[in-house]
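Trainee: Got a minute to go through this one with me? I'd like to start with the loops and then move on to the core.

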Amino acid sequence: MPVYLGQKAPDFTVNTTQGPLTFSDLKGGQWVLLFSHPADFTPVCTTEFMAFAEKYDEFQKLGVKLIGLSVDSIYSHIQWLRDIKEKFGVEIPFPVIADIDKEVARAYNLIDEKAGTTVRGGVFIIDPNQIVRWMIYYPAEIGRNINEILRVVKALKFNWERKLATPANWEPGQKGVASAPSTFQDSLKNEKEPGARTWYLRLVD
């Protein structure tokens with residue numbers, strides 16, 4: 001079954017570069033960013049791992065746990081991470097799942113059955129209730145934009161904490177958008193509220 005936005009994220013128990021991990025056992029209140037790559041020692045993914053590592057502290061401050069995923073073995077993962085540290089001076093601080101049986105990849109619709117590898121650009125953001133809140137797939141030839149992923153995390157947390165949506169090109173510190181009125185009387189009231197541009201669009205600090 002494919003994974004859909006708004007549904008419960010599939011649970012899993014796996015071995016990672018930081019030891020065993022059960023998704024449903026993660027601490028309450030924590031967001032999860034699960035992202036896939038097809039194989040270790042691939043050039044684009046190496047740049048992405050280093051970019052995620054560079055922003056790791058920012059993700060931590062936002063309460064987001066990063067988890068990498070591929071179908072390579074734990075030994076291959078360890079050697080790849082060692083290579084990144086030795087060649088580039090970057091230590092990868094987040095766990096990488098060794099999904100040899102492809103169970104997690106299939107559960108999240110991240111497996112390329114023809115190639116037998118995980119899809120390179122899959123990204124899932126999962127909220128503290130373990131609901132899938134965002135998902136995107138990048139093509140193999142385009143590296144992921146870590147700053148955009150961070151912006152989406154911040155927008156989701158803004159909605160989570162303030163119950164407000166975000167307008168186009170929203171950045172942290174900007175106004176949010178109040179919910180659209182659901183009745184005629186609410187529409188009349190809404191257009192008189194501070195920040196109203198029209199009866200259906202009201203910007204809120």
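Trainee: Is Gln130 buried or exposed?

Mentor: Keep in mind that this is a predicted model. Gln130 counts as buried, because its relative accessibility is 14% and the cut-off for buried is under 20%.

Trainee: Where is Gln130 in the fold?

Mentor: Gln130 sits in the loop between β8 (121-126) and β9 (132-138). Its phi is near 65 degrees, a positive value in a residue other than glycine.

Trainee: Why remark on that sign?

Mentor: Because most residues other than glycine have a negative phi.

Trainee: And what is phi of Lys102 near?

Mentor: Phi of Lys102 is near 65 degrees, again positive in a residue other than glycine. Lys102 lies in the loop between β5 (96-98) and α4 (103-107). Lys102 counts as partly exposed because its relative accessible area is 21%, and the partly exposed class starts where buried, under 20%, ends.

Trainee: New topic, strands. Which side chains of β1 are buried?

Mentor: In β1 (residues 13-16), Val14 and Thr16 are buried and point to one face. Thr13 and Asn15 point to the other face and are not buried.

Trainee: Why the alternation?

Mentor: Because in a regular strand the side chains alternate between the two faces of the sheet.

Trainee: What does β1 pair with?

Mentor: β1 pairs with β2 (residues 19-22) in the antiparallel sense, over four bridges. A hairpin of two residues joins β1 to β2. Val14 stands opposite Leu21 of β2.

Trainee: OK, the core. How many residues are in the largest nonpolar one?

Mentor: The largest nonpolar core has 29 residues, and Leu33, Phe49, Phe52, Phe59, Leu66 and Phe94 have the most contacts inside it. Among the elements that give two or more residues to this core are β3 (31-36), α1 (43-54) and β9. The largest share, six residues, comes from α5.

Trainee: Which residues does Phe52 touch?

Mentor: Leaving out residues up to four places away in sequence, Phe52 touches Leu33, Phe35, Phe59, Leu66, Phe94, Ile146 and Ile149. Apart from that core lies another, of 21 residues, including Leu21, Phe23, Val71 and Ile111.

Trainee: So Leu21 turns up twice. Last one: which residues make the nonpolar surface patch?

Mentor: Yes, Leu21 is opposite Val14 and belongs to that other core. The patch is made by Trp199, Tyr200 and Leu201, and covers about 310 Å². Leu201 is in strand β12 (residues 201-204) and is partly exposed, with a relative accessible area of 31%.

How values were computed: Residues numbered from 1 in each chain as written. Predicted model: local features only at pLDDT ≥ 70, side-chain atom pairs only at ≥ 80, totals over all residues. Heavy atoms only, no water. Buried < 20%, exposed > 50% of the residue type's maximum accessible area, 1.4 Å probe, protein only. Pairing = 2+ DSSP bridges. Core = buried A, V, L, I, M, F, W, Y, C linked by side-chain atoms within 4.5 Å. Contact = heavy atoms within 4.5 Å. Patch = residues over 30% accessible without salt bridge, like charges linked within 9 Å, V, L, I, M, F, W, Y side chains within 5 Å. Areas by Shrake-Rupley, 256 points an atom, 1.4 Å probe, with all protein chains shown as cover. Salt bridge = Lys/Arg side-chain N within 4 Å of Asp/Glu carboxyl O.
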